[in-house]
Amino acid sequence: QMQPVESGGGLVQAGGSLRLSCATSGRTFSSYAMGWFRQAPGKERDFVAAITISRSGSSIYYADSVKGRFTISRDNAKNTVYLQMNSLKPEDTAVYYCAARLLPGSGSYYYTSSYEYWGQGTQVTVSS
C-alpha cells in the first residue's frame, strides 16, 4: 500500500525557508505521481506542487502563488518527495499535505480528487 507521511513543518519568520519531506511505504514509489497541497483555517485544500515521471524524466507543476519560491523534487531510491520552501510569506501558513496518485491515472494534477492517498499533514507557520 501507499502511505505518505509528512515531516519538516514548523515555525519560521517571513523570508525564511523550510524543507518538507514526504516518506512513503511500499515498493512501487516510482509508479506514483506525488503532490503537495495546503489548507489554511477556513479555506479549501489547495494545490501547491506536483511531480510525476515521463519518458524523458520528471514533469513538475506549481501553483502560481509559489512559483519561483518553492521547489518539488523526489528521490525514488528513498521513496521520498520533498518540498523546498524559500522566501516564505505569512500567507503560506497552512497545514501541508502530501498526496499520491497511481500512474498513469486520470484527472488534473491540480485537483485533490485526482489523488488517492494522503498523509496526515504537517503544520507550517510563517510569522510576520
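# Strand S9, two buried charged residues and the salt bridges

Ala100 stands opposite Tyr117 in strand S10. The model is predicted. Strand S9 covers residues 94-102 and pairs with S10 (residues 117-118) in the antiparallel sense over two bridges. The points below take S9 and its partners, then Glu6 and Arg101, then the three salt bridges that the structure holds.

**Strand S9 and its partners**

- Seven of the nine residues of S9 are buried, so the strand counts as mostly covered, with buried meaning under 20% relative accessible area.
- S9 runs antiparallel to strand S4 (residues 32-39), and eight bridges join the two.
- Within this pairing, Gln39 has Val95 of S9 as its bridge partner.
- S9 also runs antiparallel to strand S11 (residues 122-127), here with three bridges.
- Tyr96 stands opposite Thr122 of S11.

**Glu6**

- Glu6 is found in strand S1, which spans residues 5-7.
- Glu6 counts as buried because its relative accessibility is 9%, and the cut-off for buried is under 20%.
- A polar atom of the Glu6 side chain lies 2.7 Å from the backbone nitrogen of Cys98.
- The Glu6 side chain also reaches the backbone nitrogen of Gly121, at 2.9 Å.
- Not counting residues up to four places away in sequence, Glu6 touches Ser21, Cys22, Trp36, Tyr96, Tyr97, Cys98, Gly119, Gln120, Gly121 and Thr122.
- From Glu6 to Ile51 the separation is 45 residues in sequence and 16 Å in space, C-alpha to C-alpha.

**Arg101**

- Arg101 lies in strand S9.
- Arg101 is buried and has no salt bridge.
- The nearest side chain of opposite charge to Arg101 is that of Glu116, 6.7 Å away; a salt bridge requires a side-chain nitrogen within 4 Å of a carboxyl oxygen.
- The side chain of Arg101 reaches the backbone oxygen of Gly107 at 2.7 Å.
- Leaving aside neighbours within four places in sequence, the residues in contact with Arg101 include Ser31, Tyr32 and Ala33.
- Also in contact with Arg101 are Ser106, Gly107, Ser108, Tyr109, Ser114, Tyr115 and Glu116.

**Salt bridges around Asp92**

- Side chains of opposite charge can pair when their charged atoms come close.
- Arg38 and Asp92 meet through their side chains in a salt bridge of 2.8 Å, N to O.
- Arg38 lies in strand S4 and Asp92 in the loop between strand S8 (80-85) and S9, so this pair ties together parts that are 54 residues apart in sequence.
- Both Arg38 and Asp92 are buried.
- Arg69 and Asp92 form a salt bridge of 2.7 Å, N to O.
- The Arg69 and Asp92 pair links distant parts of the chain, 23 residues apart: Arg69 is in the loop between strand S6 (57-62) and strand S7 (70-75), and Asp92 is in the loop between S8 and S9.
- Arg69 counts as buried at 9% relative accessibility, and Asp92 is buried with a relative accessible area of 1%.
- Arg38, Arg69 and Asp92 are joined into one network by salt bridges that share partners.

**Salt bridge between Asp64 and Lys67**

- The side chains of Asp64 and Lys67 meet in a salt bridge of 3.1 Å, N to O.
- Asp64 is exposed, with a relative accessible area of 66%.
- Lys67 is partly exposed, with a relative accessible area of 49%.

Methods:
Residues numbered from 1 in each chain as written. Predicted model: local features only at pLDDT ≥ 70, side-chain atom pairs only at ≥ 80, totals over all residues. Heavy atoms only, no water. Buried < 20%, exposed > 50% of the residue type's maximum accessible area, 1.4 Å probe, protein only. Helix = DSSP H or I, 4+ residues; strand = E, 2+ residues; numbered from the N terminus. Pairing = 2+ DSSP bridges. Contact = heavy atoms within 4.5 Å. Polar contact = N/O pair within 3.5 Å; in protein donor to acceptor, adjacent residues only side chain to side chain. Lys, Arg positive; Asp, Glu negative; His and termini not counted.
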